[in-house]
Amino acid sequence: MKHIRTINGAAQMLHDMDINCAITAHCIRHLIKAELIPYTRTGCKYLVAVEDIIAYFGANQSTD
C-alpha cells in the first residue's frame with residue numbers, strides 16, 4: 001500500500017527516511033503544478049504518494 005501524505009507530510013517523510021534529502025515541500029508543489037507526479041485534491045489539500053515522488057526522481061537519475 002502506498003504512503004499517501006499531504007505535501008508537507010510527504011516532505012517530512014522523505015526527510016525522515018533520509019536526513020540529507022533535498023526534496024522540499026516547495027519542490028513537491030512544483031511537481032504537482034507541472035503534473036509530473038500523480039496527486040489527488042481533497043478540499044484545499046493535495047495528497048501525493050511518497051513512492052511516486054521517489055519513482056519520479058529515480059527515473060530521472062543521470063547515468064554519469
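Helices and strands are runs assigned by DSSP, with at least four residues for a helix and at least two for a strand, and they are numbered from the N terminus. With these names in hand, a residue can be placed by its element: Glu35, for example, is found in the loop between α2 and β2 (40–42). The structure described here is a predicted model, and a walk through it can begin with the chain as a whole.

The protein chain holds 3 helices and 3 strands. Read from the N terminus on, these elements follow the order β-α-α-β-β-α. How does the spread of the chain compare with that of a compact globule? For 64 residues, such a globule would have a radius of gyration near 11 Å, and the 12 Å of the protein chain agrees with this. Along the principal axes, the C-alpha atoms fill a box of roughly 40 × 25 × 25 Å. Of the 64 residues, 27% are buried. Contacts also reach across the sequence: among those with a separation of 6 or more, 51% join residues 24 or more positions apart.

The helices come next, beginning with α1. Helix α1 spans residues 7–17, and its buried residues are Ile7, Ala10, Ala11, Met13 and Leu14. Viewed down the helix axis, these buried residues fall within an arc of 160°, so they line one face of α1. The face turned away from this buried side carries the exposed residues Asn8 and Asp16. What do the buried residues of α1 pack against? Their partners are β1 (4–6), α2 (25–33), β3 (45–49) and α3 (50–59).

Helix α3 can be read in a similar manner. Here Val50, Asp52 and Ile53 are buried. Down the axis of α3, the buried residues fall within an arc of 165°, and therefore they line one face of the helix. The cover over these buried residues includes β1, α1, α2 and β3. Asp52 deserves a second look within α3. This residue has a relative accessible area of 17%, and it counts as buried because the cut-off is under 20%. Leaving out residues up to four places away in sequence, Asp52 touches Lys2, Ile37 and Pro38.

In helix α2, Ala25 offers another example. At 15% relative accessibility, Ala25 counts as buried. Its contacts, not counting residues up to four places away in sequence, are Ile7, Asn8 and Ala11. Ala25 and Glu51 lie 26 residues apart along the chain, and their C-alpha atoms are separated by 15 Å.

Which residues have the most contacts inside the largest nonpolar core? This core has 15 residues, and the ones with the most contacts inside it are Ile28, Ile32, Ile37, Val48 and Ile53. The elements giving two or more residues to the core are α1, α2, β3 and α3. The largest share, 5 residues, comes from α1. Ile32 shows how such a residue is surrounded: apart from its neighbours within four places in sequence, Ile32 is in contact with Ile7, Ile37, Tyr39, Tyr46 and Val48.

The backbone holds a small surprise. Most residues other than glycine have a negative phi. Glu35, however, has a positive phi of about 55° although it is not a glycine. Is this residue buried or exposed? Glu35 is exposed, with a relative accessible area of 61%.

Cysteines and aromatic rings complete the picture. A disulfide is a covalent bond between the sulfur atoms of two cysteines. How many disulfides does the model contain? The count comes to 0. Disulfide sulfurs have to lie within 2.5 Å; the sulfur of Cys27 is 8.7 Å from the closest cysteine sulfur, in Cys21, which is too far for a bond. Cys27 is partly exposed, at 25% relative accessibility, whereas Cys44 is exposed at 65%.

For aromatic residues, the count comes to 2 pairs. In the pair of Tyr56 and Phe57, the ring centres are 5.2 Å apart and the planes stand at 85°, so the pair is edge-to-face. Tyr56 is partly exposed, with 23% relative accessibility, and Phe57 is partly exposed too, with a relative accessible area of 29%.

Terms used
Residues numbered from 1 in each chain as written. Predicted model: local features only at pLDDT ≥ 70, side-chain atom pairs only at ≥ 80, totals over all residues. Heavy atoms only, no water. Buried < 20%, exposed > 50% of the residue type's maximum accessible area, 1.4 Å probe, protein only. Arc of directions from axis to C-beta. Contact = heavy atoms within 4.5 Å. Phe/Tyr/Trp six-rings, centres within 6.5 Å; stacked < 30°, edge-to-face > 60°. Core = buried A, V, L, I, M, F, W, Y, C linked by side-chain atoms within 4.5 Å. Rg over C-alpha atoms; globule rule 2.2 N^0.38 Å.
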